[in-house]
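Got the viewer open and a hand on the mouse? Let's walk through this one selection by selection, and I'll tell you what to look for at each stop.

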Amino acid sequence: MLFEIVLNGLLLGGLYTLMGTGFSLQWGISGIINLSYGGMMVLGAYISYQFFTLFSVQPIISAIPAAIILFLLGIAVYRFLLRPTIKKGSFFVTLIMTFAVELVLENFMLLIWASDYRVISSPYSNLAVELFNTHLPLVKALIFAVSFLVVYLVHLFMSKTKPGKAIQASALNPDGARFIGINVERMYMINFGIGCAIAAVAGSLASNINAFSVVLAGGLLGKVFVIAVLGGLGNIWGAALGGITLGLVEALGSLTVGPAYNEALGLVVMVVVLVLRPRGLIGRRFWDV
Amino acid sequence: MILSENENKWTYVGVGIALLVLILLPWIISGYWVRLLTSVFMFAVLAKGIDLMMGYTGYVPFGNVVFFGLGAYTTGILMSRGWPFIPGMLIGILMSIFVCIVFGTPVLRLRGHYFAVATIGLNGAIMAIALNATALTGGAMGIIFPPLDMDPASLNRVFYFIMMGLMVLAVVINIIIVRSRFGFAIRSIKSNEEAARSLGINTTFYKTATWIISATITSVAGSVYGWWMSYISTVDVFNVMIGVTSILMVLLGGAGTILGPIVGAFLFQLLSEVVWSQFLTFHLGILGVITILVILFVPRGLVVAFTEMISTRLKRGKKEAV
Amino acid sequence: MDNGTLLNVTNLSVHFGALKAVDDVTFQVNRGDLLGLIGPNGAGKTTILNLITGTIRKTHGNVSFKNLDITGYTPDKVAKAGIARTFQITKPLIGMSVEENVMTGALFGRSNRASSVKAAREKAHTCMELTGMMEKRNLAVGQLTVPDRKRLELARSIATDPELLLLDEVMAGLRPTEVDEALSLIKRINEEMKVTILFIEHVMRAVMSISTTIMVLNYGKKIAEGSPKEIAGNPLVIEAYLGKKYAQRRKADGQ
């Protein structure tokens with residue numbers, strides 16, 4: 001029983017890692033705390049759901065159109081709303097702008113899909129494996145694997161490809177990057193788009209195992225913030241550590257105080273980490289960001 | 001210079017007239033409008049609470065509504081056990097101060113971003129606790145306050161004046177702070193925190209102290225709200241939207257100004273009433289769009305834009321006269 | 001430690017990974033001194049200032065001020081202990097007027113914890129008169145020229161009533177007449193207000209003309225310390241600034 005719960009926590013941690021990576025990239029590199037991240041995840045879930053129900057696209061594959069659409073949406077949001085705001089105002093005004101985007105997104109989704117809960121269920125949804133006397137749904141394992149695969153792909157993109165390295169350069173030393181001809185603003189924009197695409201994939205993967213609705217967007221944002229803080233910013237492996245930690249904390253929490261206190265628990269862990277290790281469990285110092 | 005940067009004697013005349021009108025209104029307008037204005041006053045208090053942090057220290061507590069909820073719930077729990085209102089309200093304040101100190105001391109040391117979003121988490125967490133400590137808080141059922149024995153019109157008026165009094169109190173507190181030594185400390189934190197520290201200012205202390213003041217008035221507003229409504233539940237009083245709309249009001253009216261948050265609250269609530277009654281399904285979206293437009297086109301807020309426009313006209317007038 | 005020593009820095013080091021920005025530096029500043037801190041760019045001068053004021057944390061070593069161990073103090077505690085500083089790139093309090101800037105210094109500095117706003121205003125006036133900023137006291141920071149910003153920063157820092165003042169390249173960007181003004185102002189602060197001064201400077205004639213002692217840093221290490229005359233003739237110093245070849249040529253020329 002304990003093993004099953006811990007195992008589920010770990011698997012959930014994979015999904016959390018993916019969620020956290022997108023948010024962490026936007027925060028650490030583009031310098032934006034994206035309050036519409038939760039909404040974007042849910043939008044990604046809805047888009048996958050539509051592709052699944054309307055065009056019978058397989059559940060995991062249906063993440064791809066969601067990712068593409070959210071990537072383009074992210075770029076548009078950055079270019080037309082965020083960039084002018086950053087130029088003009090202080091940091092928190094940008095924060096409020098992302099919140100305004102969230103409001104518009106939520107309204108949009110409510111109009112189309114209402115607040116009903118949806119879930120993608122396919123023939124595979126109920127396949128499971130019996131492992132060490134515990135019931136392991138195959139979908140969860142698959143999602144775990146896909147999550148890490150995507151995170152790994154993002155890592156490869158960032159460290160091995162030219163645009164990826166240009167993005168990193170823009171974050172580490174914007175003036176230096178401009179000096180050697182990198183269009184730093186475009187890099188931030190692309191990076192933001194990538195973050196949104198990752199949100200879409202995470203949302204769409206999650207829709208396979210959990211019912212989702214617009215109502216959940218706020219809670220998702222809360223979780224993703226905890227993951228980013230635990231792991232440090234702009235740091236993909238940090239997001240992994242943060243994601244898995246949160247998954248385990250929630251699992252153990254549900255055993256001890258009950259699942260309703262998940263949010264409170266995550267918050268407590270986050271504050272403890274902030275006080276003791278402000279860098280996050282392995283990431284950079286916040287003061288420097 | 002008390003009320004604003006560009007004031008003159010007409011500012012005081014204007015404010016005096018406005019106050020007089022507000023005092024007389026409850027006997028002139030219908031109950032619906034009295035209640036609407038009462039809620040405007042309440043939002044003005046919340047906006048002032050937010051502006052103390054946002055306009056002066058530069059730190060924005062997105063989740064400030066948590067104190068509203070704490071005030072409401074603490075007062076409600078105690079009153080439903082027979083306590084009178086004022087002690088209930090005071091305990092609510094103590095709870096809020098406790099949270100400020102415990103949460104604020106570690107998180108205010110960091111930069112503004114983390115504080116802003118962490119307070120959203122704080123609100124969510126406390127809301128979850130309120131929702132689940134069913135024995136104490138009634139869980140999803142909410143809390144019922146002992147009702148007041150009064151006819152509706154008098155009831156409306158009583159709370160109208162209580163909220164208005166609270167609003168005036170918030171303004172007075174703001175004025176006192178700005179001109180005091182404390183005010184210098186927090187204004188310098190917003191201007192340049194590193195420089196402030198180099199002058200001997202313990203910035204974490206001042207940020208926390210400001211938050212405590214902000215939390216206190218927000219908590220009182222919550223206590224009064226609960227008493228007024230006679231019934232509260234977690235989704236009402238821990239609603240993040242309340243906190244965020246307060247921020248939008250401050251932005252609209254102008255952060256760091258004495259009258260700005262109040263003007264913002266008035267405009268915003270009245271606008272919201274119109275939108276809500278006509279465009280319910282687009283309510284959130286319109287709010288979002290308005291925010292976007294304000295940020296892109298009126299970034300310093302309406303009060304500043306308005307007063308600057310007036311003083312420019314006055315200066316131009318003088319120049320032409322010469 | 002005898003009565004004359006105000007600041008005592010022992011074996012101070014800070015490492016950023018493999019880079020030793022400040023490497024085992026030891027020195028003292030005596031009451032009434034005007035200690036000039038010079039060295040090529042990147043030598044670690046500002047870093048030492050930041051270490052003393054607690055802006056960055058040391059890796060090794062100790063800083064004590066008037067017999068008080070201030071190693072590890074946060075910047076505000078250091079200021080309250082009696083050490084004030086200016087910044088290389090000035091940090092005026094934007095949104096507040098010149099007068100309000102200086103008043104902030106007066107309200108929160110060393111001995112003024114219970115000071116009233118009124119008393120702070122008077123003190124600010126004194127400091128602004130000294131630095132020639134009185135006429136500009138109601139201006140917004142954004143309207144100030146570079147020399148004025150420096151004067152403001154100076155006024156603000158002395159308003160905190162410090163015993164030790166750390167100046168970081170105050171002369172940078174000033175024209176020669178302005179440099180002379182700044183020099184006489186610094187001397188007045190040192191002599192009339194009895195403030196000990198440690199100042200980082202690149203403008204050589206400034207350092208040479210008013211310093212009681214000069215300390216030279218290169219690559220994080222202290223390479224020389226002494227009177228202006230001693231420093232001017234020190235081959236290590238010449239080498240640090242002008243390179244080995246030049247130093248050798250001088251030696252060969254019998255200087």
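The tour goes from the whole assembly to chain C, and then back out to confidence.

**Stop 1: the whole thing, coloured by chain**

Keep in mind that this is a predicted model. Its overall scores are ipTM 0.88 and pTM 0.84. Show chains A, B and C together and ask which of them touch. There are 2 pairs of chains that touch, and the pair with the most contacts is A and B. Now hide chain B for a moment and look at chains A and C. No contact joins these two, and their closest C-alpha atoms are 11 Å apart.

**Stop 2: where chain C meets chain B**

Bring chain B back and select the residues of chain C that are in contact with it. You should get 19 residues on chain C, facing 16 residues of chain B. Two helices of chain C each put at least two residues into this side: α2 (75-81) and α3 (98-108). Which element gives the largest share? Colour α3(C), which supplies 5 residues. If you recolour the chain C side by residue type, it splits into 9 nonpolar, 6 polar and 4 charged.

**Stop 3: chain C on its own**

Hide everything but chain C and switch to cartoon. You'll find 10 helices and 10 strands. Its radius of gyration is 19 Å, against 18 Å from the globule rule for 255 residues, so chain C is as compact as a globular protein of that length. Along the principal axes, the C-alpha atoms fill a box of roughly 65 × 40 × 35 Å.

**Stop 4: two domains**

Give residues 5-82 and 163-252 of chain C one colour, for domain 1, and residues 94-159 another, for domain 2; those bounds come from the domain assignment. Measured by eye or not, the computed C-alpha centres of the two domains are 25 Å apart. Where they meet, domain 1 of chain C contributes 13 residues and domain 2 of chain C contributes 10. On the domain 1 side, pick out α2 and α6 (176-191) of chain C, the elements that give two or more residues each. Of these, α6(C) gives the most, with 4 residues. The domain 1 side as a whole divides into 8 nonpolar, 2 polar and 3 charged residues.

**Stop 5: the four-stranded sheet**

Still in chain C, select β1, β2, β4 and β5. They form an open antiparallel sheet in the order β2-β1-β4-β5. Why do β2 (19-30) and β5 (68-69) of chain C each have a side without a neighbour in the sheet? They stand at the edges with a single partner strand each, so one side of each is left free.

Zoom in on β1 (residues 5-16) of chain C, which runs antiparallel to β2(C) and is joined to it by 8 bridges. For a pair to click on, try H15(C), whose bridge partner in β2(C) is K20(C). Then add helix α1 (residues 45-52) of chain C: this helix lies across β1, β2 and β4 (60-65) of chain C, at about 65° to β2(C).

**Stop 6: the six-stranded sheet**

Next, select the other strands of chain C in the order β6-β7-β8-β3-β9-β10, an open sheet with mixed pairing. At its edges sit β6 (83-85) and β10 (221-226) of chain C, each paired on one side only. Look along the sheet and you'll see the turn: neighbouring strands are at 20° to each other on average, direction ignored.

For a parallel pair, go to β3 (residues 34-38) and β9 (residues 213-218) of chain C, which share 4 bridges. Click L37(C) and you'll find its bridge partner, M215(C), in β9(C). Packed on this sheet is helix α9 (residues 235-242) of chain C, which touches β9 and β10 of chain C and makes about 130° with β10(C).

**Stop 7: colour by pLDDT**

Finally, bring all chains back.

- Chain C has a mean pLDDT of 88, with 95% of its residues at 70 or more.
- Chain B has a mean of 85, also with 95% at 70 or more. Here α15 (residues 302-321) of chain B is lowest, at a mean of 67, and α10 (residues 203-229) of chain B is highest, at 94.
- Chain A averages 83, and 92% of its residues score at least 70. Residues 285-289 of chain A fall below 50, though the stretch has 10 contacts in the model beyond near neighbours in sequence.

Where pLDDT is low, don't read the predicted coordinates in detail.

Terms used. Residues are numbered from 1 along each chain as its sequence is written. Chains are lettered from A and ligands numbered from 1 in the order in which they are written. This is a predicted model: local features need pLDDT of at least 70, side-chain atom pairs count only at pLDDT 80 or more; totals for chains, interfaces and linings use all residues. Two residues are in contact if their C-beta atoms, placed from the backbone, lie within 7 Å. Ala, Val, Leu, Ile, Met, Phe, Trp, Tyr, Cys and Pro count as nonpolar, Asp, Glu, Lys and Arg as charged, and the others, Gly among them, as polar. Domain bounds come from an automatic or database domain assignment. Two strands pair if DSSP finds at least two bridges between them. Axes are lines fitted to C-alpha atoms, for helices over the stretch in contact, and angles run from 0 to 180 degrees between N-to-C directions. pLDDT is the predictor's confidence in each residue, from 0 to 100. The radius of gyration is taken over C-alpha atoms; the globule rule is 2.2 Å times the number of residues to the power 0.38.
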